[in-house]
Amino acid sequence: MRLFGSERIAKVMDTMGAEEGEVIEHSMVTKSIERAQKKVEARNFDMRKHLLEYDDVLNQQREVIYNRRHDVLSRDTVRDQVLEIIEETIDGLLRLHTEESSHPEQWRWEDLQEDFGGLFFSGLPLDMEERGSIDWQELRRRLVETIQTAYSRRVEIVGEETYRPVEKALLLHTVDRCWQEHLYEMDALQEGVGFAGVAGKNPLIEYKKSAFDMFESLITRINEETLRNFFKLRIEVEAPPLEMGQDRSSGRYRSIHRESTNMGFGGATSPTPAANQGDAVPGRPVRRDPQLRQSGAAAEETEPKTPVRAGPKVGRNDPCPCGSGKKFKKCHGVGE
């Protein structure tokens, strides 16, 4: 009644002289209470309706993300998905920095190279002369082929059985982390979109527009973070033991001292501790670490030397061997 009842009711109650606790049976008062109750229920209904409409937007996005996670979990390998993400990401970079209808000299090559290297940790497979004459389709083909080759090489170095589970787990982790961040952003959007009504706009429509743009950014962020994590990932793989009778002179020989292969950017392998210590490898000269050689020489120099005696030991009270007639302790034995 305070929010939706009319002020006329209060004047009528004062005129009738109603007292505190008295039963109100006048029809005009009863109808006023009924109208106020309808207004309250209608207002609450609109609030619940708007909340459902806001939730529908988020539920649609949640359904897309959950379907994507389910697709990853139901597959034994996500190779096809990764190759698709590579093509989609490269297409996005080309749309951002190039135009198919314009001349290659007008493309933003520096920005393209920076973003390309930040995602794949690799330079553009083009020299300066090719950048002025290559067409858009050929550029796309070269970029996709370069990244797919680097991706296949990483898998080959580590091995299918080792790389595929790690690849799948990393993809799921990236999707979950980006989705959690997106939920926080959507909560902040819902809290602040109400100010759009001050400008005469429908808050729900503005919320749907902003939510759609944020969801597109979410998909792009998931793809980019996934590829960035794949190409900067380091995996340590234990080398198999050397089999009996294996030909050491063949090109397939692997040193038994090699403990692991560190796969870094672009699938490069880092030198093993055995190589630094100078282990013998067939077909290669033996190399010694200069620091180890210097430290060994220093240890030999600082080692105390033991004196070597040429004859039997002379007692302190025996005659001195020099023939002076004095005792050894008072002649050449002074100080011992």
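What follows is an exchange about helices and salt bridges in a predicted model.

Biologist: What makes Glu167 and Arg164 a salt bridge?

Modeller: Their side chains meet at 2.9 Å, N to O. The cut-off is 4 Å between a side-chain nitrogen of Lys or Arg and a carboxyl oxygen of Asp or Glu, so the pair qualifies. Both residues lie in helix H7 (residues 160-192), 3 residues apart, about one turn of the helix.

Biologist: Are Glu167 and Arg164 buried or exposed, and how do you know?

Modeller: Glu167 has a relative accessible area of 1%, and Arg164 has 9%. Buried means under 20%, so Glu167 is buried and Arg164 is buried.

Biologist: Why are Glu138 and Arg141 called partly exposed?

Modeller: Partly exposed covers the range between 20% and 50%. Glu138 is at 27% relative accessibility and therefore falls in that range. Arg141, at 40%, does so too. Their side chains also meet in a salt bridge, at 2.6 Å, N to O. The two residues are 3 residues apart in helix H6, which means a separation of about one helical turn.

Biologist: What makes Arg177 and Glu225 a salt bridge, and which parts does the pair tie together?

Modeller: The closest N and O atoms are 3.7 Å apart, and the limit is 4 Å, so the pair counts. Arg177 lies in helix H7 and Glu225 in helix H8, so the pair ties together parts that are 48 residues apart in sequence. Arg177 has a relative accessible area of 30% and is partly exposed; Glu225, with 22%, is partly exposed as well. Both belong to a network of salt bridges that links Arg177, Glu181, Arg221, Glu225 and Arg228. The structure holds 14 salt bridges.

Biologist: How do you know that the span of H8 agrees with what is expected?

Modeller: At 1.5 Å a residue, its 29 residues should span 42 Å, and the end C-alpha atoms are 42 Å apart, so the span agrees. At the N-terminal end of H8, Asn202 acts as a cap, with a side-chain oxygen 3.1 Å from the backbone nitrogen of Leu204.

Biologist: Which residues of H4 are buried, and what puts them on the same side?

Modeller: In H4, the buried residues are Trp109, Leu112, Phe116, Leu119 and Phe120. They cover an arc of only 100° around the axis, so they sit on the same side of H4. The buried residues pack against helices H3, H5, H6 and H8. Glu110 and Glu114 are exposed, on the face of H4 turned away from its buried side.

How values were computed. Residues are numbered from 1 along each chain as its sequence is written. This is a predicted model: local features need pLDDT of at least 70, side-chain atom pairs count only at pLDDT 80 or more; totals for chains, interfaces and linings use all residues. Side-chain values use heavy atoms; hydrogens and water are left out. Buried means under 20% relative accessible area, exposed over 50%, partly exposed in between (1.4 Å probe, protein chains only). Helices (H or I, at least four residues) and strands (E, at least two) are DSSP runs, numbered from the N terminus. The arc is that of the directions from the helix axis to the C-beta atoms. Contact means heavy atoms within 4.5 Å. The expected span of a helix is 1.5 Å times one less than its number of residues. A polar contact is a pair of N or O atoms within 3.5 Å; within protein, one must be able to donate a hydrogen and the other to accept it, and residues adjacent in sequence count only if both atoms are side-chain atoms.
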